[in-house]
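Please walk me through this structure, which I have not seen before. I would like to know how its parts are arranged.

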Amino acid sequence: MAISKYENLLAEYPETISKELFCKIAHVRKYTALYYLESRLLPCTDTGKTTHRYAIRMTDVIALLEDRD
């Protein structure tokens, strides 16, 4: 199995991240990130809070970035 060019993100960021941090990592706007989350293109956990509502696993972020490339 080849090593992904995104593997360094696992060491750099925590295991779960917020939507805001996902926007920064993936270089997308918050509306695009919300589309990914609400359409389940990017699996996440809805915490039900008003801020930092979504908990996203870094492994799912890496998978999305690889698919996007």
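The paragraphs below go through the sheet, then a helix and its surroundings, then the cysteines.

The model is a predicted one. A convenient place to begin is the sheet. Three strands form it, the sheet is open, and the strand order is S1-S3-S2 with antiparallel pairing. Its edges are S1 and strand S2, residues 45-46, each of which pairs on one side only. In general, strands of a sheet pair through backbone hydrogen bonds, in either a parallel or an antiparallel manner. Here S2 and S3 are joined by two bridges in the antiparallel sense. At the level of single residues, threonine 45 stands opposite alanine 55 in S3.

Helix H4 can be placed relative to this sheet. H4 lies across S1 and S3, and runs at about 70 degrees to S3. The helix spans residues 58-68, and its buried residues are Met58, Asp60, Val61, Ile62, Leu64 and Leu65. What covers these buried residues? The cover includes helix H1 (8-12), strand S1 (16-17), helix H2 (19-26), helix H3 (30-38) and strand S3 (54-57). Both helices and strands are therefore among the elements that cover the buried residues of H4.

One of these neighbours, H2, can be followed in detail. The axes of H2 and H4 come within 11 Å, crossing at roughly 35 degrees. The crossing in which H2 passes H4 is right-handed. On the H2 side, the contact is made by Phe22, Ile25 and Ala26, while H4 contributes Met58, Val61, Leu64, Leu65 and Arg68. By type, the residues of this contact comprise seven nonpolar and one charged, with no polar ones. The spacing of contact residues along a helix can be read with a general rule in mind. An α-helix has 3.6 residues a turn, so residues three or four places apart point the same way. In H4, Met58, Val61, Leu64 and Leu65 belong to the contact with H2, and these residues are also listed as buried.

The last topic is the cysteines. How many disulfides are found in the whole structure? A search finds zero. Cysteine 23 is in no disulfide, and the nearest cysteine sulfur, that of cysteine 44, is 12 Å away. Cysteine 44 is likewise in no disulfide, with the sulfur of cysteine 23 as its nearest, 12 Å away. A disulfide calls for two cysteine sulfur atoms within 2.5 Å, so a separation of 12 Å does not qualify. Are these cysteines buried or exposed? Cysteine 23 is buried, because its relative accessible area is 13% and the cut-off for buried is under 20%. Cysteine 44 is buried too, at a relative accessible area of 16%.

Methods. Residues numbered from 1 in each chain as written. Predicted model: local features only at pLDDT ≥ 70, side-chain atom pairs only at ≥ 80, totals over all residues. Heavy atoms only, no water. Buried < 20%, exposed > 50% of the residue type's maximum accessible area, 1.4 Å probe, protein only. Helix = DSSP H or I, 4+ residues; strand = E, 2+ residues; numbered from the N terminus. Contact = heavy atoms within 4.5 Å. Axes fitted to C-alpha atoms, helices over the stretch in contact; angles between N-to-C directions. Left-handed = near helix turned anticlockwise from the far one by under 90°. Nonpolar A, V, L, I, M, F, W, Y, C, P; charged D, E, K, R; others polar. Pairing = 2+ DSSP bridges.
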